Amino acid sequence: MSLFSFFKKSDKVGKENTIDSNELLGNASSKKSDNRDVVTKLSFHPEWDVPQEQKYIFNFLANELEPLKPNQLSLSSISIEEDPRSGKWLVRAFFRSSLPEAIELGEIELFIMDKNDELVASKKFDFKALGTIPAESARPWVFEFEKSTLKVAEVPEDGWKIAFNLVSLRGHQLELDESWEKQLPATQKEELAKIVKTLPTLGETEVNFTGLQAKLAENGSLNVSIFIRNGHNKAINLEQLPLEIIDATGKQVAKGSFNMDPILTVQPNSTKPWTFIFPAELVEADDADLSRWTARVTQ
């Protein structure tokens with residue numbers, strides 16, 4: 001089956017996911033005063049030899065596309081077909097650019113969201129395969145989502161969309177609670193952000209607790225500041241957190257359970273610092289070596 005046979009006369013353009021090019025390219029080249037409509041022109045990969053009948057289909061679909069604003073990138077959903085042999089999804093879409101110059105992109109993670117905006121598939125694609133995208137153009141493509149990248153068994157109903165994973169595009173970030181944002185000076189915020197960048201990369205579904213600072217108070221309580229690290233593409237909510245602190249010798253120096261009121265939320269692909277105070281009765285600090293320590297979530 002050829003690439004072109006995936007695009008049919010019955011296809012229609014569906015939902016669109018549009019972002020400012022700065023979110024992907026990291027260069028604020030757009031002119032904020034330019035608010036004109038950009039009609040993207042159909043563009044084929046230079047290695048494609050497109051049959052005349054398929055050109056008619058592509059032109060028909062391209063004419064359905066809504067204009068973009070300047071300096072945007074967009075994914076316009078068309079249709080999904082499941083490969084009966086492998087079970088992978090063949091997702092037809094237009095990748096569009098309203099930039100005034102040609103671009104070539106690298107690796108980008110894409111989502112398939114159903115009509116309720118629930119994630120049903122995710123995969124990283126090397127956009128170099130799409131070739132150089134001319135200025136103000138729309139390039140048709142088939143994105144292949146293997147069975148291992150699917151979260152559900154069946155192709156979603158009408159109303160689905162293919163979208164950029166903006167969380168992965170922006171990279172892992174420091175997230176400060178409003179109280180920390182107000183109290184910390186800019187230099188300390190910058191220092192925390194630098195530390196976050198040096199921490200090991202998280203898995204896509206990993207939640208990690210990394211020690212930042214531990215201090216014994218005069219009243220015998222133990223104050224520990226911890227990085228709560230969320231590698232998920234969705235926020236996590238912590239209502240109760242059972243923690244133990246292990247010192248450099250492997251000794252347990254504190255253990256307790258914390259009720260989070262209000263609920264502590266950590267945004268997707270973010271690290272949030274938080275301070276926990278163990279009261280003296282939960283601390284066994286005799287001969288504790290806090291030169292190096294570990295925070296563990298207990299059952």
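How much area does the protein chain expose, and what share of it do carbon and sulfur atoms supply? The exposed area is about 16,400 Å², and carbon and sulfur atoms account for 46% of that figure. The model is a predicted one.

## Overall dimensions

The protein chain contains five helices and 15 strands. Its radius of gyration is 25 Å, whereas the globule rule gives 19 Å for 299 residues, so the chain is more spread out than a compact globule. Measured out along the principal axes, the box filled by the C-alpha atoms comes to roughly 80 × 50 × 30 Å.

Of the 299 residues, 44% count as buried. Among contacts with a separation of 6 or more, 72% are between residues 24 or more positions apart.

## The sheet β13-β12-β15

Three strands form an open sheet in the order β13-β12-β15, and their pairing is antiparallel. The edges are strand β13, covering residues 252–266, and strand β15, covering residues 294–297; each of these pairs on one side only. From one strand to the next, the twist averages 35°.

Strand β12 spans residues 236–246 and is joined to β15 by four bridges, the two strands running antiparallel. Within this part of the sheet, Ile245 is placed opposite Ala295 of β15.

## The setting of Arg96

Arg96 belongs to strand β4, which covers residues 89–97. Is Arg96 buried or exposed? With a relative accessible area of 0%, Arg96 falls under the 20% cut-off and is therefore buried.

Two polar contacts of the Arg96 side chain can be described. One joins it to the side chain of Glu16 at 2.4 Å. The other runs from the Arg96 side chain to the backbone oxygen of Glu66, at 2.8 Å.

Which residues surround Arg96, leaving aside its neighbours within four places in sequence? Glu16 and Glu66 are both on the list of contacts. Arg96 is also in contact with Thr40, Leu65, Leu68, Gln72 and Leu73. The remaining contacts are with Ser74, Ser76, Ser137 and Ala138.

Technical notes
Residues are numbered from 1 along each chain as its sequence is written. This is a predicted model: local features need pLDDT of at least 70, side-chain atom pairs count only at pLDDT 80 or more; totals for chains, interfaces and linings use all residues. Side-chain values use heavy atoms; hydrogens and water are left out. Two strands pair if DSSP finds at least two bridges between them. Axes are lines fitted to C-alpha atoms, for helices over the stretch in contact, and angles run from 0 to 180 degrees between N-to-C directions. Buried means under 20% relative accessible area, exposed over 50%, partly exposed in between (1.4 Å probe, protein chains only). A polar contact is a pair of N or O atoms within 3.5 Å; within protein, one must be able to donate a hydrogen and the other to accept it, and residues adjacent in sequence count only if both atoms are side-chain atoms. Contact means heavy atoms within 4.5 Å. The radius of gyration is taken over C-alpha atoms; the globule rule is 2.2 Å times the number of residues to the power 0.38. Accessible areas come from the Shrake-Rupley method with a 1.4 Å probe; for residues, only the protein chains shown count as cover.
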